[in-house]
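Please open the model in a viewer and keep the selection panel at hand. The tour below proceeds from one selection to the next and states what is to be found at each.

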Amino acid sequence: MSIRQIAIIGTGLIGGSLALALKKHKFAGRIVGCDRDAVLEKARTRGAIDDGFANPGDSLRGSQVVVLATPVLSIVDLIERVGSALPAQCLLTDVGSTKAAVAERALKVFGKNAGRRFLAGHPMAGKELGGVDYADADLFHNAVWFFTPLPGQNLHEGLFAEFLGWIDQIGARIAMLPPEEHDRLCAWISHVPQMISTALAAALVEEFGEEAPLLPAGGRALQEMTRISASPYSMWRDVAISNKKNLEDALFKLEQRLAHIRENLGTRELAEEFERAHQLRKMPARKT
């Protein structure tokens, strides 16, 4: 076993869940966390980490893999901060929701060695409530975990292969695609759904007031559509900033689609729109 210690910088929902998942699946090495003292204490209590540090540099010592599990703009900053202090034989990876800005910063910091030092990743898993209190060892089970390799990067040997083996072991489904393609795809399948849920919830509050029993009256459909509206702005702010162009484009196209529906509520076009929508559930599942 080459990986004897994994450092997770950011032991909240995703970082804490990764730690719990590794322990559940018998990772025999040490897991150290890096976060605020109060968060680290909770992570210890939950059994997610073996030790914790407030200073990112302290968590690097003795680690073969370092996982950046903070909001994405913080990840971009941390690549710069920890890159120069990273041990020579250590893999740096991340779980950020967007990848182009992350890959760009890694190339800037590591230069020609970036392909040997950094692996950009993004698990498509989460909850509407953040923090290590909600961490779950099964969070990644059957979830897609995107990796966006740098040009010429070999993921089939050394620490890369071993780390990917652990991602597979915890039950995630690994998928590879370029950073720009990842960001465009995730704008549609992750970021737009969040903005729709946020917009709908905010509109309901404005239309009916905060005291109206909307969720019980609306039933399952409304509860499902507004569940993720409880997600923290602090995370989605970074997503919106780092993937602004793709998100703007997707939202504009969705606005056009909604306008088309509004303009055709009494025509056959509405039925055709429903028929198009039904095709989504009929699409065959693609192997990742």
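Begin by selecting strand E2, residues 30-34: four of its five residues are buried, so E2 is largely enclosed by the rest of the structure. The model in view is a predicted one.

**The neighbouring strand**

Next, add strand E1, residues 5-9. E1 and E2 run parallel and are joined by five bridges. Two of the pairings can be picked out by residue: Ile 6 of E1 has Ile 31 as its bridge partner in E2, and the partner of Ala 7 in E2 is Val 32.

Is E1 enclosed or open? Five of the five residues of E1 are buried, so this strand too is largely enclosed by the rest of the structure. Display the side chains of E1: Gln 5, Ala 7 and Ile 9 point one way, Ile 6 and Ile 8 point the other way, and all are buried. In a regular strand the side chains alternate between the two faces of the sheet.

**Across to E4 and out to the edges**

Now select strand E4, residues 65-68, which pairs with E1 in the parallel sense over four bridges. Ala 7 stands opposite Val 66 in E4, while in E2 the bridge partner of Ala 7 is Val 32; displaying Val 32, Ala 7 and Val 66 together therefore follows the pairing from E2 through E1 to E4.

Extend the selection to the whole sheet. What is the order of its strands? The sheet is open, has six strands with parallel pairing, and runs E3-E2-E1-E4-E5-E6. Its edge strands are E3 (51-53) and E6 (118-119), each of which pairs on one side only. Strands of a sheet pair through backbone hydrogen bonds, either parallel or antiparallel.

**A residue on edge strand E3**

Select Asp 51, which is placed in strand E3. Is Asp 51 buried or partly exposed? Its relative accessibility is 26%, so Asp 51 counts as partly exposed. Leaving aside residues up to four places away in sequence, Asp 51 touches Arg 30, Ile 31, Val 32, Gly 33 and Arg 44. A distance may also be displayed from Asp 51 to Glu 41: the two are 10 residues apart in sequence and 9.5 Å apart in space, C-alpha to C-alpha.

**Two loop residues with positive phi**

Move to Lys 26, in the loop between helix H1 (13-24) and E2. Lys 26 is exposed, with a relative accessible area of 68%. Its phi is positive, about 70°, although Lys 26 is not a glycine. Then select Asn 142, in the loop between strand E7 (121-123) and strand E8 (144-147). Asn 142 likewise has a positive phi of about 70° and is not a glycine. Most residues other than glycine have a negative phi, and most peptide bonds are trans.

**The whole protein**

Finally, clear the selection and display the entire chain. The protein has 12 helices and nine strands. Its C-alpha atoms fill a box of roughly 65 × 45 × 30 Å along the principal axes. For 288 residues, a compact globule would have a radius of gyration near 19 Å, and the 21 Å of the protein agrees with this.

Colouring by accessibility shows 42% of the 288 residues as buried. The protein exposes about 15,600 Å², of which carbon and sulfur atoms supply 54%. Among contacts with a separation of 6 or more, 74% are between residues 24 or more positions apart. Colouring by charge picks out 34 positive and 34 negative side chains, the centres of the two sets lying 6 Å apart.

Note on methods
Residues numbered from 1 in each chain as written. Predicted model: local features only at pLDDT ≥ 70, side-chain atom pairs only at ≥ 80, totals over all residues. Heavy atoms only, no water. Rg over C-alpha atoms; globule rule 2.2 N^0.38 Å. Buried < 20%, exposed > 50% of the residue type's maximum accessible area, 1.4 Å probe, protein only. Contact = heavy atoms within 4.5 Å. Areas by Shrake-Rupley, 256 points an atom, 1.4 Å probe, with all protein chains shown as cover. Lys, Arg positive; Asp, Glu negative; His and termini not counted. Charge placed at Lys NZ, Arg CZ, Asp CG, Glu CD. Pairing = 2+ DSSP bridges.
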